[in-house]
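Biologist: Could you take a close look at one charged side chain and the surroundings it belongs to? I am new to this protein, so please explain the terms as you go.

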Amino acid sequence: VDDNGHNFGPLSPENRQAVMKVDNSLGRFFEGLEKRGIADLVNIILVSDHGMSPYTNRGAIVLDEMFDPNDAERIFWTGEFTQIFPKSGREDAIYDSIKKKLRNAKIYRKADLPKRWRLQNASRLSPLIVVPEEGRFITSRSRLDRYVKQSGFDKERGAHGFDNRLVNMRAFFAARGPRFEKGRTAGKIRSVDVYNVMCEILGVRPAANDGDRRVVKKLLR
């Protein structure tokens, strides 16, 4: 599903086929549990790791035309966000230059990232981070020129890594089994909350984590 979502877009016929293949595999799994007489004894949690948003190359943000790339030690390109590691003394110059020219995206200093992302102390994150609006992606001029020469330049594709408040970034969660209340709607939970739920089912004391223990009471019998 992830591969087809990236290559053809989340709403494409190809991605629908991938979803159906996973659905069929899960059907075989549940049938196997039924045949063995243990379907009502096993707790099962199904999750996805993220959502997916459509985009096209036509809306690309060409970032390296907004500042002097020679001012950076390294630029980490990922499309959905870009990390810039400035050379000593060049952070302000890069930030100010991009800030003046940037559209359909935001540039952050590491300390100014939204607190809900909890990344201010991340040791591997760059001093400057550029995050596009949903449906846009960031690239360099040389990369975009290569894309233009390839077939399917304008076709819809899929991406994730945008702001996790966006509906399209939400992941999937479903569960069944003796520890789960049948028919209960979970509502919004975070991916980091699933760990505590699994620990409770297994009778394992959880390590320190960012999950909310109240979700355990919300989901389990």
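Modeller: Let us start with glutamate 200, which is partly exposed because its relative accessibility is 32%, the class between buried (under 20%) and exposed (over 50%), with a 1.4 Å probe and protein chains only. This is a predicted model, where local features need pLDDT of at least 70 and side-chain atom pairs count only at pLDDT 80 or more, while totals for chains, interfaces and linings use all residues. Residues are numbered from 1 along each chain as its sequence is written, and side-chain values use heavy atoms, leaving out hydrogens and water.

What does glutamate 200 form with arginine 213? The two make a salt bridge, their closest N and O atoms lying 3.7 Å apart; the term means a side-chain nitrogen of Lys or Arg within 4 Å of a carboxyl oxygen of Asp or Glu. Glutamate 200 sits in helix α5 and arginine 213 in the loop between α5 and α6, so the pair ties together parts 13 residues apart in sequence. Helices (H or I, at least four residues) and strands (E, at least two) are DSSP runs, numbered from the N terminus. Arginine 213 is partly exposed too, at 42%.

Helix α5 covers residues 194-202 and also holds leucine 202, which counts as exposed because its relative accessibility is 65%.

Moving on along the chain, arginine 221 and glutamate 181 meet in another salt bridge, at 3.8 Å from N to O. Here distant parts of the chain are linked: glutamate 181 lies in the loop between β10 and α5, and arginine 221 in the segment after α6 (214-219), with 40 residues separating them. Arginine 221 is exposed at 54%, whereas glutamate 181 is partly exposed at 35%.

Strand β10 brings in a further pair. The side chains of arginine 176 and aspartate 40 form a salt bridge at 3.9 Å, N to O. Arginine 176 belongs to β10 (residues 173-176), while aspartate 40 is in the loop between α2 (13-35) and β1 (44-47), and these partners are 136 residues apart. Arginine 176 is partly exposed at 30%, and aspartate 40 is exposed at 64%.

How many salt bridges does a search of the whole structure find? There are 14. Elsewhere, Glu65, Arg141 and Asp145 are joined in a network of them.

For a view away from charged pairs, look at serine 97 in helix α3 (residues 91-101). Serine 97 counts as buried, because its relative accessibility is 18%. Leaving aside residues up to four places away in sequence, serine 97 touches Met66 and Phe67, where a contact means heavy atoms within 4.5 Å.

Phenylalanine 76, in strand β4 (residues 72-77), is partly exposed at 33%. With the sequence neighbours up to four places away left out, phenylalanine 76 touches Phe81, Thr82 and Gln83. Glycine 32 is 44 residues away along the chain from phenylalanine 76, and their C-alpha atoms are separated by 45 Å.

Isoleucine 84 has a longer list of contacts beyond four places in sequence, including Leu63, Phe67, Ala72, Ile75, Ile94, Ile98 and Val130.
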